[in-house]
Amino acid sequence: MMNNNQILVIEDEPKIAKLLADYLALDGFETTILTEGTDAVDIIKASAPDVVILDLMLPGKDGITICKQVREFSNVPILMSTARVDEIDRLIGLNSGADDYICKPFLPKEVVARVKAILRRVQPHNVDHEPTTLVYRDVMLNQEKFQCQVNHHDVELTPIEFRMLQTLITKPGKVYSREVLMQASYKDQRIVSDRTIDSHIKNLRKKLAEYTQENELIHSIYGVGYKVD
């Protein structure tokens, strides 16, 4: 049974792409496959998939370039795959714009689980008692549309960055440990390193600072975590 979620798999190894498509289909996803990167950005713009599974190394155009170009016009969740585990920290440091990373060789079931977790994060269920909009100082978050504005300027956040900022500004002044921020941002209960959380916070600070003249919004609490104040 189809669930109306469209997944775009950009993978230059046809056997891997077909295997992913087959496993995604078992869970009701509709999948499109691209085996090179030349036209990937145009296809994403035209088809507006719900999730993109993007290989790092592609003929025509590499995954980092595709990811950064897509982020110029879309917040579509991107799951980046790489054959080297040490590439993941480098990708995070480069702020490539991906929402999640997975290392080959991977189990297709794990990829499907990651896709489902991403969709749960970016398609939250509406709850009547929760406000649609959160406002703190110069920042406004529309939780229904997953949109962020700072001083009335749109700021492109990844779903992980959005969840992190949402958690922090829900209770200004409260100090959140890295573990709590991790649990709020990664709903699949995945363990990530403190350095990964710190990298996301660094990217988030940079994006927010571009449109505000106020003092830094997110503060580091040495040995504990982060807060907004």
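How many bridges pair β10 and strand β12 (residues 225-228), and in which sense? In this predicted model, the two strands are joined over two bridges and run antiparallel to each other. Within that pairing, Y176 sits opposite Y226 of β12. Helix α6 (residues 159-170) packs on the sheet, where it touches β10, β11 and β12, and its direction makes about 65° with that of β12. The sheet itself is open and three-stranded, with the order β10-β12-β11 and antiparallel pairing. Its edges are formed by β10 (176-177) and β11 (218-221), each of which pairs on one side only.

A second set of strands comes earlier in the chain, and here β8 is a good place to start. Strand β8 (residues 147-150) shows two faces: C148 and V150 lie on the covered one, while Q147 and Q149 lie on the uncovered one. That pattern fits a general rule: side chains in a regular strand alternate between the two faces of the sheet. On one hand, β8 pairs with strand β7 (residues 139-142), antiparallel and through four bridges. V139 of β7 is found opposite V150 in β8. The hairpin made by β7 and β8 has four residues between the strands, and F146 takes a positive phi near 55° there.

On the other hand, β8 also pairs with strand β9 (residues 153-155), again in the antiparallel sense, this time over three bridges. C148 has V155 as its bridge partner in β9. This hairpin of β8 and β9 leaves two residues between the strands, and N151 in the turn has a positive phi of about 55°.

C148 deserves another look for its surroundings. Its relative accessible area is 3%, so C148 is buried. C103, by contrast, has 21% relative accessibility and therefore counts as partly exposed, given that buried means under 20%. As for disulfides, the structure holds zero of them.

Turning to helix α2 (residues 40-47), the buried positions include A40, V41 and I44. These three cover an arc of only 100° around the axis, which means that they sit on the same side of α2. The opposite face, turned away from the buried side, carries D42, K45 and A46, which are exposed. And what covers the buried residues of α2? The cover includes three strands, β1 (6-10), β2 (30-34) and β3 (51-55), along with helix α3 (63-70). Just past the end of α2, A48 adopts a positive phi of about 45°.

Strand β3, part of that cover, is also home to D55. An unreviewed UniProt entry lists D55 under "modified residue: 4-aspartylphosphate". Is this residue buried or exposed in the model? With a relative accessibility of 5%, D55 counts as buried, because the cut-off for that class is under 20%. Leaving aside residues up to four places away in sequence, D55 touches I10, E11, D12, G63, M80, S81 and K104. Of these contacts, I10 falls within β1 (6-10) and G63 within α3 (63-70), two elements that also help to cover the buried residues of α2.

Conventions:
Residues numbered from 1 in each chain as written. Predicted model: local features only at pLDDT ≥ 70, side-chain atom pairs only at ≥ 80, totals over all residues. Heavy atoms only, no water. Buried < 20%, exposed > 50% of the residue type's maximum accessible area, 1.4 Å probe, protein only. Arc of directions from axis to C-beta. Contact = heavy atoms within 4.5 Å. Pairing = 2+ DSSP bridges. Axes fitted to C-alpha atoms, helices over the stretch in contact; angles between N-to-C directions. UniProt positions renumbered as here; feature names shortened; annotations may be inferred. Disulfide = S-S within 2.5 Å.
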